[in-house]
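Visitor: I am new to this structure and would like a close look at a single part of it. Please start with what the terms mean and then take me there.

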Amino acid sequence: MKLALTAALTLAVALLAAGHAQAQDKSKGVYPEKPATAPAVKDLDTLVPDSASDDLQKRANAMKAIEVLAMNAARPGAEAERAAVSQALAAKLVPATPQFARVWLIRQLQLIGKAEVVPVLTGLLDDKELIIRETARRALQYNPSAEAGAALRAALDKAADPAWKIAMINAVSQRKDAAGTAAIAKLAADKDEAIVAAALDGLGTIGTADAAKAIAAVRAGVPEKLKNLAGDDYLRCADQLMKDGQKDAAAAIYQAIYVPTETVSLRLAALRGLVLTKGAAAIPMIGEVLAGKEDAMKAVALSFVQEVPGADATAAIVALLPKVAAGDQAIIIAALGRRGDAAGKAAVLNAAKNADAGIRTAAYTAIGTLGGAAEVSLLAGAAAKAEGAEADAARLALVQMSGPDINGALAAAVAKGDPKARAEAIKAAAARKAAEAAPAVLAATGDADAAVRLEAVKAMENLGTEQSLPALIAILGKAQVAADQDAGEKSLLAICARATNKDAALQAVLGALPGAKMPARGSLIKALGKLGGPKALAAVKAALRDADAAAHEAAVRSLADWPDMAAAPDLLAVAKADTKETNQVLALRGYLRLAGLPERTTEERVSMCREALACTKRADVKRLILGVLAEASSLEALAMACPMIEDSALKNEAAVAVAKIAKSLGNKVPENARPALEAARTISKDKKVIADAEDALKKIKPAKK
Amino acid sequence: MPGKMQLSRRLLLKGAAAGALGVAAAPYVITSTALGAGARPPASERLTLGHIGIGNQGSGHFGSMLGNAGVQILAVCDVRKTVRDSCQKRVDDRYADERSSGKYQGCAAYNDFRDLMARQDVDAFIIAVPDHWHALISIAAAKAGKDIYCEKPMALTIRQARAMVSAVRRYGRVFQTGSQQRSSPEFRKGCEYVRNGRIGKITDVYVNVGGPSVEKQFPEEPIPEGFDWDFWLGPAPWVLHNAERCSGNYGGGWRHVRDYSGGMMTDWGAHHFDITQWGLGMDATGPVEIHPPESGKFPTLTYKYATGTLLHHFWSADGKAQNQYKLPEGKNGANGVLFVGEKGWVEVNRGHFACFPESIDTPLGPGEKPLYKSPEHHQDWFNCIKTRQKPICDVEVGCRSVSVCHLGNIAYWTGRSLKWDPAKEEFIGDDEANRWLDRPMRAPWRLV
């Protein structure tokens with residue numbers, strides 16, 4: 001008995017908890033499920049009552065099924081089916097159908113109903129429940145048939161309650177029903193301000209010439225607080241007329257609003273309309289605003305110039321320049337640049353000579369779009385003389401200019417002129433990777449002017465080829481200051497790295513090596529690392545034995561950069577035996593870089609990591625080893641990585657490696673990897689690492705006893 | 001994303017230039033005061049703001065603007081009294097020293113945004129209300145002569161989005177859609193590579209966002225004290241209150257309910273379809289075909305552009321259908337937006353960029369065209385308020401991007417393939433599908 005009671009109590013508590021949990025879940029909302037089979041009209045007998053069920057899931061599913069029925073019937077080419085389903089849905093709109101269900105049915109008719117459902121929906125406009133009336137109203141509003149339009153107009157005439165009258169005005173006007181214009185126009189003179197507002201908005205939405213006339217007739221007399229609304233609705237009519245091709249009628253409305261007694265907002269909107277309807281002829285009106293005293297209008301008015309394309313408009317915009325203040329001139333110049341119309345170029349070039357820095361800055365930017373080869377020297381000069389944003393604008397324009405002969409003009413600007421301007425031209429040529437300017441830039445690497453020389457040497461990083469190497473190497477040999485040496489080395493290495501004719505590059509470097517002194521010799525040794533091959537390797541090995549520590553280090557760096565495994569044995573030897581830790585670390589980094597290359601087999605990778613691990617105690621190097629091990633799918637790689645997870649300096653990288661290797665091994669992960677994988681799961685904050693670790697843990701087979 | 005950029009509303013004109021576009025006249029009285037970074041400009045030179053909707057997303061904007069010395073919040077508006085009272089207090093506390101000196105009159109709190117529109121002293125609004133309200137409030141703001149930052153997705157329907165464009169253009173307003181991914185460097189880089197042909201002709205794009213909104217059902221719950229439920233519903237159909245129905249939580253709430261939103265297709269789609277449009281250079285147009293899974297043409301919903309590019313919604317209700325796609329070698333999913341071209345692929349998401357071949361990941365060359373570079377999404381809006389240029393997510397951009405989201409949803413809801421005319425913005429040969437382009441508003445609300 002006691003047991004039975006306990007069991008019953010336990011069951012009751014469980015049921016209560018489940019019920020409570022269920023109630024909690026449903027308060028968060030229930031998602032509908034799609035019906036398993038396509039619903040049919042006959043299913044409505046069940047679906048309709050279910051769509052008002054207190055069981056939310058049943059309700060949601062039934063609503064979904066009704067919607068699927070309606071949407072399917074409304075497909076193109078199924079007109080008879082659509083009509084039949086609409087009528088079937090409408091037939092269920094009887095008082096016996098629960099309100100909730102009726103609302104849903106009406107909403108389907110909003111989407112698929114036509115003339116056949118108008119009588120039923122019209123009847124519902126008098127329903128005692130507001131929600132039914134309002135839903136039916138919206139369904140009629142959306143019904144495309146002429147019958148729906150007639151029904152709504154009749155309902156508007158009948159409407160007595162102010163709120164319902166507004167609702168009907170909305171319905172008729174949102175259909176853009178021109179036949180409703182007269183009725184709505186009468187209401188624009190109503191005593192109720194809310195009705196007046198709805199009527200004015202309605203006329204604005206209908207947007208015909210008659211609607212515009214109706215607004216014009218009452219506008220002056222509307223309450224003060226509705227004047228802006230009336231103005232906006234009048235403008236909307238103008239916009240619609242313009243869209244319909246009735247430009248003159250639209251322009252007349254814009255002109256009527258563009259009077260001093262209207263608000264700034266309305267006048268600006270009207271001005272825009274005039275610009276759109278009259279084109280270039282309206283641009284002087286913008287000039288009048290700019291020259292006027294209403295600062296609140298100026299910037300917005302100026303923005304309208306962009307709305308009018310064409311050379312006539314460009315000329316009209318240019319004509320504004322003498323009439324406006326400096327700040328506005330800068331904006332007009334910027335606008336001319338954005339237009340990209342060559343008709344504006346002369347004005348832009350003129351602005352580049354202006355005394356105002358803001359105007360000049362805008363001009364340089366505009367030249368970036370409008371300018372050509374003839375403007376290159378102007379921009380180079382500006383970049384050299386100006387400061388700050390002005391100089392930046394000129395530089396950017398030099399880089400962005402497009403068109404024929406720009407690079408040729410740059411070459412000319414590099415070759416002669418003011419040294420500072422030549423330096424700017426060199427910078428631009430480098431940024432543009434202007435091959436046409438490369439010979440001139442190369443010649444400039446030997447220039448008498450230090451600044452020109454330095455920029456030219458830097459520029460060779462982008463512009464130099466194997467043919468440039470002898471001259472560049474000669475310059476490198478003569479460099480006295482660190483900046484020149486660094487720039488020369490950087491360019492040398494870049495050219496060697498991308499050389500297509502490695503033999504030619506190698507010949508230039510090896511030819512210069514015997515006679516070169518440090519630091520240039522060091523640069524040449526490093527360059528050999530970019531070229532690779534047995535001859536280069538032999539030279540670098542020889543340099544390893546150099547008594548000069550800097551040359552020795554350069555050789556180590558060169559090996560560390562080597563393109564293939566030929567350098568690996570020497571790198572390992574340096575890592576094990578070099579007297580300087582810096583060189584050991586450089587060598588190990590290079591060695592591990594080779595170990596990580598895609599062409600390494602798993603065995604090679606693991607073997608090289610083993611060798612590297614034996615050479616170092618440094619955490620930074622061990623992290624690199626872990627990075628390489630992570631790409632090796634092998635038990636030995638895993639065995640090497642696992643212990644490192646206990647080192648606090650390495651745990652994050654070890655976690656990544658352990659998880660990745662283990663995931664790649666699938667079912668082969670041994671039991672003894674479990675602690676490391678569990679540690680990886682705990683240590684890492686990376687979702688992928690955690691997921692990989694968990695995945696691998698699941699696959700560990702229990703050890704056989 | 002909220003940032004802490006300083007904004008100075010007035011600019012030095014003589015002898016100074018701000019940015020490559022030159023100095024621009026602000027829409028206000030121009031003074032000659034230049035202000036350094038970090039200094040709080042005088043009240044007359046700050047941009048005055050009103051915040052409408054201060055929920056999950058709105059509170060982020062609100063907090064950011066509260067910390068921006070170049071901005072002054074004058075008003076807050078929310079249909080929850082507790083929220084607007086608390087925000088009002090935070091604003092007043094923030095500017096307490098100015099209030100005591102008499103320079104600041106206090107922050108006003110409103111339930112009805114129309115009362116806020118009438119304020120002559122507010123320059124601009126940040127609108128972060130649920131989607132079904134975006135159009136009405138934005139259009140009212142444009143008519144009131146205010147500049148607008150409106151959260152994405154820009155509108156509940158395609159027609160509402162187009163009405164917003166009309167109003168913004170009519171009144172010459174600066175409108176920034178809250179699709180802030182365009183202001184992030186990784187997205188810009190990805191789209192620049194795609195636009196400049198680095199991966200060749202784009203054959204497919206895969207966008208990984210969730211599905212459409214549905215008719216969720218909720219039990220009735222009491223309306224909390226101080227919550228104007230009728231106003232929250234606004235133009236949406238009347239229904240009984242439930243807390244989850246109107247909750248702003250990102251994982252559920254109103255975002256999943258069709259009367260207020262388009263589900264994850266718009267909530268995240270307004271980000272990732274927007275990036276797709278940007279990468280494909282389709283900001284002035286859209287796709288021409290949409291095929292839902294029921295059509296059997298593709299494993300998941302797929303759009304087709306006039307160029308032949310296919311855009312696949314990388315999602316399915318069963319979570320499996322998208323695995324049928326043959327993705328490029330090495331890819332087993334789409335992280336955000338995956339552009340696939342004839343010569344490689346580019347994948348972008350927040351804080352993520354990947355490409356193949358890796359060698360294409362280099363700075364743009366002189367012959368290549370950079371895309372609009374926004375310094376930060378709010379800052380870009382502020383800059384454009386000064387220069388009157390179109391910001392990076394201008395209203396037309398927002399309209400076209402949200403249209404892509406809605407086109408997909410309409411295909412899901414009708415269950416059939418659709419043909420779309422992006423110039424006329426209507427479906428071809430499917431009048432019933434065209435009825436989904438808008439929703440009739442509950443009276444007295446109307447789209448104007």
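Guide: A residue counts as buried when its relative accessible area is under 20%, with only the protein chains providing cover. The model shown here is a predicted one. By that cut-off, 65% of the 448 residues in chain B are buried.

The part to look at closely is B:Thr276, a residue of helix α10, which covers residues 269-280 of chain B. The relative accessible area of B:Thr276 is 0%, so B:Thr276 is buried, the limit being under 20%. Apart from neighbours within four places in sequence, the residues in contact with B:Thr276 are B:Val205, B:Val207, B:Leu311, B:Val337 and B:Phe339. Contact here means that heavy atoms lie within 4.5 Å.

Now step back to the chain that holds this residue. Helix α10 is one of 13 helices in chain B, which also has 15 strands. The radius of gyration of chain B is 22 Å, and the globule rule gives 22 Å for 448 residues, so chain B is as compact as a globular protein of that length. Along the principal axes, the C-alpha atoms of chain B fill a box of roughly 70 × 60 × 35 Å. Of the contacts in chain B with a separation of 6 or more, 68% are between residues 24 or more positions apart. The surface that chain B exposes is about 15,600 Å², with 53% of it supplied by carbon and sulfur atoms. Chain B carries 54 positive and 48 negative charges, and the mean positions of these two sets are 5 Å apart.

Chain A can be described in the same terms. Its secondary structure consists of 41 helices and zero strands. The radius of gyration of chain A is 41 Å, well over the 27 Å from the globule rule for 705 residues, so chain A is more spread out than a compact globule. The box filled by the C-alpha atoms of chain A is roughly 110 × 105 × 45 Å along the principal axes. Buried residues account for 52% of the 705 residues in chain A. For contacts in chain A between residues at least 6 apart in sequence, 61% join residues at least 24 apart. Chain A has an accessible surface of about 31,600 Å², and carbon and sulfur atoms hold 57% of that. The 90 positive and 80 negative side chains of chain A form two sets whose centres lie 3 Å apart.

Key: Residues numbered from 1 in each chain as written. Chains lettered and ligands numbered in written order. Heavy atoms only, no water. Helix = DSSP H or I, 4+ residues; strand = E, 2+ residues; numbered from the N terminus. Rg over C-alpha atoms; globule rule 2.2 N^0.38 Å. Buried < 20%, exposed > 50% of the residue type's maximum accessible area, 1.4 Å probe, protein only. Areas by Shrake-Rupley, 256 points an atom, 1.4 Å probe, with all protein chains shown as cover. Lys, Arg positive; Asp, Glu negative; His and termini not counted. Charge placed at Lys NZ, Arg CZ, Asp CG, Glu CD.
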